[in-house]
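Biologist: Please take me through one part of this model in detail, the packing around one of its helices, and add what you can say about the aromatic rings.

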Amino acid sequence: MSGARRLLAPLAVIAILLGAWELAARWDWISGALSIEDFLVPAPSDIAESLWRDRSLLADDAWVTVREVVLGFLIALAVGLAFAIVLHLSETLRRAFYPLLVASQTIPPVAIAPILVVWFGFGIAPKLFLVALICFFPITVNTLDGLRSVDPQLITMMRTLGAARIQILGRVELPSALPFLFSGARIAIAVAVIAAVFAEWAGADSGLGHQILIASSQLLTARMFAAIVLLSAIAILLFALVTIVERLVVTWDNRGVTRA
């Protein structure tokens, strides 16, 4: 019952906003205010109709984008975790590479995507690279913070008991860093969808990002909005999936208290 009550408020807000949008679009309030043609402002019902009418086309493009997002995210997860461990174990490497890690996020994805297409072609490789690059930063930084947040007294106790460095890492530091890792993973999976769209805009013949470009050029605004709705749904579902995995794996909070 408590879960249903938590959902009631956001669902009510969404229903009110969609209702207002429907009325404003049907009565040409939005198009009149923007001084544009009314067909350029689809109502929610038009978008829902496009989702059904173009379901086969959108489903194929959605699968392409989901594959790019998931594979790129998994690459970033593996590389980011390994890189965070290396930086944690070596103070010298951390000082050398951490500024470069931050600098990697100063490059706009929309700027680097065309370069990746020139280097790697129009296949899936540049999409995976860009998604992994965008996901890499939050995963690595959060994991590194988690590894460094361990209570020093625990490490001292492990050393007193004769534990090797790899044992301290595996039995104390990595378990303590798991909540931080999943925190970074939730951020990464949400922005991964944006990265995939930028990559598809730079060069692709399929995917929801590509579909948005095609629909926009043909003034098929209902289909364009339908693709955007699917992108949002994908991001929300993947975010929820990562959260579910976290709850299954991490049974304690950042303070070490076991969750109910």
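Modeller: Rings of Phe, Tyr and Trp, the last by its six-membered ring, count as a pair if their centres lie within 6.5 Å. In this predicted model, that rule gives 5 aromatic pairs. F83, F97 and F136 make up one aromatic cluster. Within that cluster, F83 and F136 form a tilted pair, with 5.6 Å from centre to centre and 45° between the planes. F83 belongs to helix α4 (residues 55–89) and F136 to helix α7 (residues 125–148), so this pair ties together parts that lie 53 residues apart in sequence. As for exposure, F136 has a relative accessibility of 15% and counts as buried, because the cut-off for buried is under 20%. F83, with a relative accessible area of 23%, is partly exposed.

The helix for the close look is α10, which spans residues 208–217. Its buried residues are L208, G209, H210, Q211, I212 and A215. They pack against α4, against α9 (165–202) and against α11. Helix α4, which carries F83, is thus also one of the packing partners of the buried residues of α10.

The packing with α11 can be described further. Helix α11 covers residues 221–249, and its axis and that of α10 are 8 Å apart, at an angle of about 160°. Angles over 145 degrees count as roughly antiparallel, and α10 and α11 are therefore roughly antiparallel to each other. Their crossing is left-handed. On the α10 side, the contact is made by L208, Q211, I212, A215 and S216. On the α11 side, R223, M224, A227, I228, L230, L231 and I234 take part. By type, the residues of this contact divide into 9 nonpolar, 2 polar and 1 charged. L208, Q211, I212 and A215 of α10 take part in the contact and are also buried. An α-helix has 3.6 residues a turn, so residues three or four places apart point the same way. After α10 comes L219, which has a positive phi, near 60°.

For the wider setting, the protein chain has 11 helices and 0 strands. Of its 260 residues, 37% are buried. Among contacts with a separation of 6 or more, 71% are between residues 24 or more positions apart. Along the principal axes, the C-alpha atoms fill a box of roughly 75 × 55 × 30 Å.

Key:
Residues numbered from 1 in each chain as written. Predicted model: local features only at pLDDT ≥ 70, side-chain atom pairs only at ≥ 80, totals over all residues. Heavy atoms only, no water. Axes fitted to C-alpha atoms, helices over the stretch in contact; angles between N-to-C directions. Helix = DSSP H or I, 4+ residues; strand = E, 2+ residues; numbered from the N terminus. Parallel < 35°, antiparallel > 145°, perpendicular 65-115°, else oblique. Left-handed = near helix turned anticlockwise from the far one by under 90°. Contact = heavy atoms within 4.5 Å. Nonpolar A, V, L, I, M, F, W, Y, C, P; charged D, E, K, R; others polar. Phe/Tyr/Trp six-rings, centres within 6.5 Å; stacked < 30°, edge-to-face > 60°. Buried < 20%, exposed > 50% of the residue type's maximum accessible area, 1.4 Å probe, protein only.
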